[in-house]
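Trainee: Could you take me through the aromatic ring pairs of this model in detail, with the criteria spelled out?

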Amino acid sequence: MTATTHESLFPAVPDSADAVLAGLDPEQRAVATALHGPVCVLAGAGTGKTRAITHRIAYGVRAGILQPASVLAVTFTARAAGEMRGRLRQLGAGGVQARTFHSAALRQLQYFWPRAIGGEMPRLLERKIQLVAEAGARCRIRLDRNELRDVTGEIEWCKVTQTVPEEYPAAAAKTGRDVPRDPAEVARIYTTYEQLKRDRGVIDFEDVLLLTVGVLQDRPDVADTVRSQYQHFVVDEYQDVSPLQQRLLELWLGGRDDLCVVGDASQTIYSFTGATPDFLLGFRTRHPDATVVKLVRDYRSTPQVVGLANGLLAQARGQAAAHRLELISQREAGPEPTYTEFTDEPAEAEGAARRIKDLIAAGVRPSEIAVLYRINAQSEVYEQALADAGIPYQLRGAERFFERPEVREAGLLLRGAARAGGNSDPGLEDATVPEQVRAVLSSRGWASEAPAGSGAVRDRWESLAALVRLSEDFAAARQGATLSDFVAELDERASAQHAPTVEGVTLASLHAAKGLEWDAVFLVGLTEGTLPITYAKTDEQVEEERRLLYVGVTRARLHLSLSWALSRSPGGRGGRRPSRFLDGLRPGSAAAGARGGGSGGRGGVERGSGGRKRRGPVQCRVCGRTLSEAGEIKLMRCEDCPSDLDEALYERLRAWRMEQAKELGQPAYCVFTDKTLLAIAEVRPDDEAGLSAIAGVGARKLDKFGADVLALCAGREPEVPEDAEESSPEEAEK
């Protein structure tokens, strides 16, 4: 992968509404131009969903159809909301409100509190864990550190699912939750926690949503004011909405349907917090006239990574699996994913560090490499291995970039230098922005060469170096910009938690990696009991663990490594088994019920159909309509539905068909018709089951041509028999 360009970091503002649409693919363009009524965007990993919805808002604003102040876009993290605001600003649609659910609700609650409730609004409790600990003590229930964290999580789950304390034991049993203590004890702690909050006049983050819902329900005048302000709503990551957030959204809408939701049920990984994909999957039922657009063109990952991701979900079960999106890579072929078994965890970490060192030596930047694991406790052995190898790293989920002391200090110094202009240092009067930044930060530990080793000094230098690199990108993209402009950019990024890139390998949990991507990803610790985690008991809990691995796989652009260790410590009893999710994917394994072995790095698996052709009505794979026309049935989609055609593959298939027809002495259509070739080039099957599901590919043709076609779909040339030159057309047909 090439490095990010200055233009992509700070692109020029489009000069017209039509220019906003430039560069979108047909499905993204369909999203951007669907400006009225309910819209549901089913967007797979790496398909450009944020690009599609920000361009939709910007196109509507630039075309004069949407007023910026009337649009409310909500998502789930402050960073995602900040990124959305930044993109909208770059598209010339500043003024649009892009916030998290909590941020939008808090703003409204603060504004309407004097009018709706009266008096001073209670103080917001930043961290509830200390109050939960006190509630436990008052109930004479001793909680260790882990139990305290888990009980706090249970209280949060209760509040977002609107479960009151007395209903918790029954609700926990019904949903199969892994409760940290006796449910009756958790309910007592929950009751006491709520009482302590009332006594001290504080509210928590979940209360913000509950109180906003209450105000909008009880005060029609307040609800009318909010609805007159916002007429158009966009919800990103809709698969992660909780029942409480959905209720708030419905109150904001007030029966209107000018709503665009975006999500992917296969990336639902937060159900333990109360999130559910049910609202996404049931959107068409609630809004029968909704426009539904599927984004399946994967611009992030290579065909090899995408093949593994598709193979992983092909074995999934449940409601979310029934609505999975089959991704189609738009990138050139890359290296196959690797699968490695180690004797113990230190050996696994050392093996990852060695390969990371090789990648860095080959030109991959450390910031484009990530090591992802199931739980944070797994990070320590990788921190040690990377430190021993002299490889810089950063822990995601640790201290926020803009909250680091050296970054806060740098911001103050740069702001002071911007105010002083050339007066602070006459020698810098005509200096560029990067030169000024380097001069200011050199007094606080920045130098052109990184300090040796790791530790606090290196961490400080990495933070300051990230600011220097950002100033260089900023100046290259914004000719004539001043130091004051750069300081304003830093302020905007700080408010959005949009940190510049720190040059180090990322260590992160799979949950923390959601929404991010790297050139190279190492998925480690993939054993039974870790993934799926040991407390995943129900089928749905296990399926969520599978989706978590899917999220990890789809973070990789080019290089993907999967590994596991047979024991925890050197010399330990090697009784661990690789994760069941790798069955049928890793070399030498087979999926449950599969007739053959796995297809190794390509990620192909034997599907549950056992290679049999699908029976019954054929439905359009784009819009779901039952097909009746023979041509449409062959294509497996309506003629006017968006095509996923891989034109290069189609041309290779046509050339291959011509050679086959010449060799067999038959017309080309006797090999495969044009419609069948089109369907193959659109579906791009990765195994015999997928190929045989295409109309026009019967058992005989599958046996005769299947290997060649699958090789072409995988980007390889068909194997030529050694005696091919001597064989006659009659022999070739036998």
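Mentor: What follows looks at the aromatic pairs and their surroundings. The model is predicted, so local features need pLDDT of at least 70 and side-chain atom pairs count only at pLDDT 80 or more, while totals for chains, interfaces and linings use all residues. Residues are numbered from 1 along each chain as its sequence is written, and side-chain values use heavy atoms, with hydrogens and water left out.

Searching the whole structure gives 12 aromatic pairs, where rings of Phe, Tyr and Trp (its six-membered ring) pair if their centres lie within 6.5 Å, and planes under 30 degrees apart count as stacked, over 60 as edge-to-face and the rest as tilted. One of these is the edge-to-face pair of Tyr-238 and Phe-283, with 6.3 Å centre to centre and 90 degrees between the planes. This pair links distant parts of the chain, 45 residues apart, since Tyr-238 lies in the loop between strand 6 (232-235) and helix 13 (243-253), and Phe-283 in helix 15 (residues 283-286); helices (H or I, at least four residues) and strands (E, at least two) are DSSP runs, numbered from the N terminus. Tyr-238 is buried, at a relative accessible area of 0%, and Phe-283 is buried at 1%, where buried means under 20% relative accessible area, exposed over 50% and partly exposed in between (1.4 Å probe, protein chains only).

Phe-474 and Phe-486 form a tilted pair, 5.7 Å centre to centre with 55 degrees between the planes, which links helix 22 (residues 456-477), holding Phe-474, to helix 23 (residues 483-496), holding Phe-486. Phe-474 is buried, with a relative accessible area of 2%, and Phe-486 is buried at 0%.
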